[in-house]
Amino acid sequence: MIIDKISNTINYRKLFVAGTAVLAVSAAMAGTYKVVVPLSEDEEGAMAYLSNYDTGENIDSVLVADNKAVFTGKLDKAIAARMMLDGKRTGVFFVEPDAEVVLDVKTNEAKGGALNAANAGFAAKERELVAAFVPLPTRQPKRPYTKNTWPSATA
């Protein structure tokens, strides 16, 4: 019985050490993000929120100071996000570990990080394709009614 108690105690210690090691490694893998949003004097002192676009969960909140909102924290993977300020929402942008993003609220353009660069490339290609289709006619010209020219089933 005493040997079983000692054995269980040793197993719990191993489990505790292993769990602590996993937490330390996962914390070390999480990267620091920074999102800078230049704003006007009108927003000075307002509360800005950074939220996960997919879940709606608030990730961070800051008071606007020196005409900008600066969010910092840790992430273990990239997320789609948006910023909210005074009930207004920005477009979607990406926040990545070990990346700094600068968000222009007037144009909804985010610069910084590989995903925002890829998204900007996609948006440019989309604008190019839309511009190519704009000059095309929007309706097919009306054709005069023509009698069916298929051979008759009775012929």
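**Surface, fold and backbone of the predicted chain**

With a relative accessibility of 64%, Glu 41 counts as exposed (exposed means over 50% relative accessible area, buried under 20% and partly exposed in between, with a 1.4 Å probe and protein chains only as cover). Glu 41 belongs to the loop that links β1 (31-38) to β2 (47-52); strands here are DSSP runs of E with at least two residues, helices are runs of H or I with at least four, and both are numbered from the N terminus. The model is a predicted one, in which local features need pLDDT of at least 70 and side-chain atom pairs count only at pLDDT 80 or more, while totals for chains, interfaces and linings use all residues. Residues are numbered from 1 along each chain as its sequence is written, and side-chain values use heavy atoms, with hydrogens and water left out.

Glu 41 does not stand alone: together with Asp 42, Glu 44 and Asp 66, Glu 41 forms a surface patch of negative charge. Patch members have over 30% relative accessible area and no salt bridge, with like charges joined within 9 Å and nonpolar side chains (Val, Leu, Ile, Met, Phe, Trp, Tyr) within 5 Å. Asp and Glu count as negative, Lys and Arg as positive, and His and the chain ends are not counted; each charge is placed at CG of Asp, CD of Glu, NZ of Lys or CZ of Arg. A nonpolar patch is also found, with Met 47, Tyr 49 and Leu 63 making up about 270 Å² of surface. Of these residues, Met 47 sits in strand β2 and is partly exposed, at 34% relative accessibility.

Turning to the fold as a whole, the chain has two helices and nine strands, in the order α-β-β-β-β-β-β-β-β-β-α from the N terminus. Buried residues make up 23% of the 155 in the chain. About 12000 Å² is exposed, and 59% of this area comes from carbon and sulfur atoms (Shrake-Rupley areas with a 1.4 Å probe; for residues, only the protein chains shown count as cover). Of the contacts between residues at least 6 apart in sequence, 47% connect residues at least 24 apart, a contact being heavy atoms within 4.5 Å.

Helix α2 (residues 114-133) carries both Lys 125 and Glu 128, three residues apart or about one turn of the helix. Their side chains form a salt bridge at 3.3 Å, N to O, and the structure holds one such bridge (a side-chain nitrogen of Lys or Arg within 4 Å of a carboxyl oxygen of Asp or Glu). Both partners are partly exposed: Glu 128 has a relative accessibility of 48%, and Lys 125 one of 43%. Asn 119 is another resident of helix α2, partly exposed at 32%. Beyond its neighbours within four places in sequence, Asn 119 contacts Val 92 and Phe 94. Ten residues separate Asn 119 from Glu 109 along the chain, and their C-alpha atoms lie 9.6 Å apart.

Two loop residues deserve a look for their backbone angles. Asp 86, not a glycine, has a positive phi near 50°, and Asn 108, likewise not a glycine, has a positive phi of about 60°. Most residues other than glycine have a negative phi. Asp 86 lies in the loop between β5 (79-85) and β6 (88-89) and is exposed, at 55% relative accessibility. Asn 108 is found between β8 (99-104) and β9 (109-111), again in a loop, and is partly exposed with a relative accessible area of 39%.
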